[in-house]
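Work through the exercises below with the sequence and the structure side by side. Try each task before reading its solution.

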Amino acid sequence: MNKTFDRASSILFALIGALFVAESRNISASAYGSEVGPNLFPMGLGILLILLSLRLFWETFRYRGAVPSAVPLRHKRFLLMLLATVLYAWFLEEIGYVISTFFFLLAGFRLMGSASWWKSAAVALAFSVGVYAVYVHILKGTLPGFPSWLGL
C-alpha cells in the first residue's frame, strides 16, 4: 500500500463519482414505460464510488509503519480482464444480460484466482439471474433479455 498513491487515487475516483452523479441528472427520468429510469444506475454508481473513495482516503490516515515493497504489476491479467470487459459490452445486446454477465463474471472470478470452476460458475449464475429477476420483475426495469434464437 502506497499512502500517496492511495490518497491521490481516492481523490480522483471521488471526482469521477461526482461526474457520474452530475451527468446522470442530464439523463431522462423514465424511458419505455419503465418505472426505474435510466438515470438511477449511473447515479447510484457515482454515489457508491464517492463513498468508497472517501473510505479509502480515511484509511490512508490509519496506515502504520513502513510501506511494504511494491507489488509487481500483472499486465497479462489486466489485459485479459480488459478484453473480457470489452467483449461483455460488445455482446450484451446480442446474447442478453444473463448470458453475457454470467460469462463475464466467470472470466473475472477465474482471472482473480478462484480455484474452483463450480463455485465460480454457481456464483456467476446466481448473481446474473438474481440481478435480472430483481431489476426486471420486481423493479420493473429493462435489461436485454435472452436472445431470440434460444426460443425462451
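Helices are DSSP runs of H or I with at least four residues, and they are numbered from the N terminus. Keep in mind throughout that this is a predicted model.

**Exercise 1.** Describe the secondary structure of the chain and the order of its elements.

*Solution.* Begin by counting the elements, which gives five helices and zero strands. Then read the chain from the N terminus on, where the elements follow one another as α-α-α-α-α. As a last step, consider how the chain is packed: 23% of its 152 residues count as buried, and among the contacts with a separation of 6 or more, 57% are between residues 24 or more positions apart.

**Exercise 2.** Locate lysine 140 and decide whether this residue is buried, exposed or partly exposed.

*Solution.* First find helix H5, which covers 117-138, and then move on to the segment after this helix, where lysine 140 has its place. Next look at the backbone of lysine 140, whose phi is near 60°, a positive value in a residue other than glycine. Finally, take the relative accessibility of lysine 140, which is 43%; because buried means under 20% and exposed means over 50%, lysine 140 counts as partly exposed.

**Exercise 3.** Find the residues that form a nonpolar patch on the surface, and name the elements that give two or more residues to this patch.

*Solution.* The patch is formed by Leu12, Phe13, Ile16, Phe20, Phe41, Leu45, Leu48 and Leu52, which together have about 750 Å² of accessible area. Helix H1 (3-24) and helix H2 (40-59) are the elements that give two or more residues to the nonpolar patch. Take phenylalanine 13 as one example: this residue lies in helix H1 and, at 38% relative accessibility, counts as partly exposed.

**Exercise 4.** How many salt bridges does a search of the whole structure find, and which residues do they join into one network?

*Solution.* The search of the whole structure finds two salt bridges. In one of them, the side chains of glutamate 59 and arginine 55 meet at 3.0 Å, N to O; both residues lie in helix H2, four residues apart, which is about one turn of the helix. Glutamate 59 also forms a salt bridge with arginine 62, and here the closest N and O atoms are 3.7 Å apart. Through these shared partners, Arg55, Glu59 and Arg62 are joined into one network. To complete the picture, compare the accessibilities: glutamate 59 is partly exposed at 21%, arginine 55 is partly exposed at 49%, and arginine 62 is partly exposed at 47%.

Technical notes
Residues numbered from 1 in each chain as written. Predicted model: local features only at pLDDT ≥ 70, side-chain atom pairs only at ≥ 80, totals over all residues. Heavy atoms only, no water. Buried < 20%, exposed > 50% of the residue type's maximum accessible area, 1.4 Å probe, protein only. Contact = heavy atoms within 4.5 Å. Patch = residues over 30% accessible without salt bridge, like charges linked within 9 Å, V, L, I, M, F, W, Y side chains within 5 Å. Areas by Shrake-Rupley, 256 points an atom, 1.4 Å probe, with all protein chains shown as cover. Salt bridge = Lys/Arg side-chain N within 4 Å of Asp/Glu carboxyl O.
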